[in-house]
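Got your viewer open and your selection tool handy? Let's take a walk through this one, stop by stop.

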Amino acid sequence: MQIRRFNISDCQPLWQLHFQTIRQYCIKDYSLAQVKAWAPCQYQPNQWQQKLQSLNPFVVTINENIAAYADLQDDGYIDHFYCATEYIGQGVGGHLMRHIIALAQSRKMNRLYSQVSLSAKPFFAHFDFNVVKSQTVNVRGVSLQNFVMERIILPI
């Protein structure tokens with residue numbers, strides 16, 4: 001398992017990972033209408049590339065295959081954290097989360113926080129993220145429940 005920075009050639013595979021994880025894994029916690037709003041079928045390469053460039057995520061690869069990706073913003077915000085469905089429960093997400101936590105500690109950040117789906121809530125809780133609040137967000141005209149979760153960072 002390797003962790004590296006995003007590069008432009010990752011755009012299509014990361015969109016596919018993002019799309020499939022929402023459509024195949026998050027469907028257990030959200031309705032079909034909700035996952036369709038969250039992950040629409042239309043791939044818009046320019047918009048997606050701009051989003052990924054702004055996130056500048058870390059990418060986990062296993063034997064050259066992309067298994068997961070996540071970002072860490074300067075204020076401690078994690079906007080995207082997605083693991084390919086075939087790697088969920090195999091330690092890939094944990095490896096990436098430990099990397100992000102270590103990076104936050106090295107940058108002397110006070111906290112990490114994210115807007116976490118119902119599907120990801122147990123994973124984030126496992127890494128000592130606590131629910132700050134439950135919220136309903138509007139995504140392309142459809143309401144979805146998620147949680148603002150945070151982890152206070154202890155100095156190394």
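## Stop one: a threonine in a strand

Start by selecting threonine 61, which sits in strand S2. One thing to know before going on: the model is predicted. Is threonine 61 buried or exposed? Threonine 61 counts as buried, because its relative accessibility is 11%, and the cut-off for buried is under 20%. Now show what surrounds it. Setting aside residues up to four places away in sequence, threonine 61 touches Met1, Gln2, Arg4, Ile66 and Ala67.

## Stop two: the hairpin

Widen the selection to all of S2, residues 58-62, and add S3: the two run antiparallel and are joined by 5 bridges. For one rung of that ladder, pick isoleucine 62, whose bridge partner in S3 is asparagine 65. S2 and S3 make a hairpin with 2 residues between them.

Zoom in on the turn and check the backbone torsions. Most residues other than glycine have a negative phi, and most peptide bonds are trans. Asparagine 63, in the turn, has a positive phi of about 50 degrees. Then click glutamate 64, in the loop between S2 and S3. Glutamate 64 is not a glycine either, and its phi is positive, near 75 degrees. Glutamate 64 counts as exposed because its relative accessibility is 76%, and exposed means over 50%.

Next, colour S3 (residues 65-70) by accessibility: this strand is mostly covered, with 5 of its 6 residues buried. On to the next partner: S3 runs antiparallel to strand S5 (residues 81-83), with 3 bridges between them. Alanine 68 is a good residue to click, since its bridge partner in S5 is cysteine 83.

## Stop three: the open sheet

Now select S4, S6, S8 and S7. These 4 strands form an open sheet in that order, S4-S6-S8-S7, with mixed pairing. Which strands stand at the edges? They are S4 (77-78) and S7 (130-139); each has a single partner strand, so one side of each is left without a neighbour in the sheet.

Keep S7 and S8 (residues 142-152) on screen: they pair in the antiparallel sense over 9 bridges. To see one of the partnerships, select valine 131 and methionine 149 in S8, which are bridge partners.

Just before S7 there is another backbone oddity to click on. Aspartate 128 lies in the loop between helix H5 (121-126) and S7, and its phi is positive, about 65 degrees, although it is not a glycine.

## Stop four: the rings

Display the aromatic side chains next; the count comes to 10 aromatic pairs. Begin with tryptophan 15 and phenylalanine 19: their ring centres are 5.0 Å apart and their planes are at 20 degrees, so the pair is stacked. These two are 4 residues apart in helix H1, so about one helical turn separates them. Tryptophan 15 is buried, with a relative accessible area of 11%, and phenylalanine 19 counts as buried at 14%.

Swing over to tyrosine 77 and tyrosine 113. Here the centres are 5.0 Å apart and the planes are at 40 degrees, so the pair is tilted. This one links distant parts of the chain: tyrosine 77 belongs to strand S4 and tyrosine 113 to strand S6 (residues 111-117), 36 residues apart. Both tyrosine 77 and tyrosine 113 are buried.

For a group shot, select Phe81, Phe123, Phe124, Phe127 and Phe129, which ring pairs link into a cluster.

## Stop five: the largest pocket

Switch on a surface and look for the largest pocket, which holds about 1,100 Å³ of space. Which residues should you select to find its centre? Of the 44 that line the pocket, His18, Trp38, Asp79, Phe81 and Tyr82 are the closest to the centre. Helix H1 (residues 11-25) gives the most to the lining, with 5 residues. Colour the lining by type and you get 24 nonpolar, 17 polar and 3 charged residues.

## Last stop: past the end of H1

Finish on isoleucine 27, in the loop between H1 and helix H2 (32-38). With a relative accessibility of 33%, isoleucine 27 counts as partly exposed. For a parting distance label, draw a line to valine 131: the two are 104 residues apart in sequence and 22 Å apart in space, C-alpha to C-alpha.

Terms used: Residues are numbered from 1 along each chain as its sequence is written. This is a predicted model: local features need pLDDT of at least 70, side-chain atom pairs count only at pLDDT 80 or more; totals for chains, interfaces and linings use all residues. Side-chain values use heavy atoms; hydrogens and water are left out. Buried means under 20% relative accessible area, exposed over 50%, partly exposed in between (1.4 Å probe, protein chains only). Two strands pair if DSSP finds at least two bridges between them. On a 1 Å grid over the protein atoms alone, a cavity is a set of points where a 1.4 Å probe fits but cannot get out, and a pocket is an open set with protein on both sides within 12 Å along at least five of seven lines; lining residues have an atom within 4 Å of a point. Grid points are joined across faces, edges and corners, and a volume is the space filled by probe spheres set on the points. Ala, Val, Leu, Ile, Met, Phe, Trp, Tyr, Cys and Pro count as nonpolar, Asp, Glu, Lys and Arg as charged, and the others, Gly among them, as polar. Contact means heavy atoms within 4.5 Å. Rings of Phe, Tyr and Trp (its six-membered ring) pair if their centres lie within 6.5 Å; planes under 30 degrees apart count as stacked, over 60 as edge-to-face and the rest as tilted.
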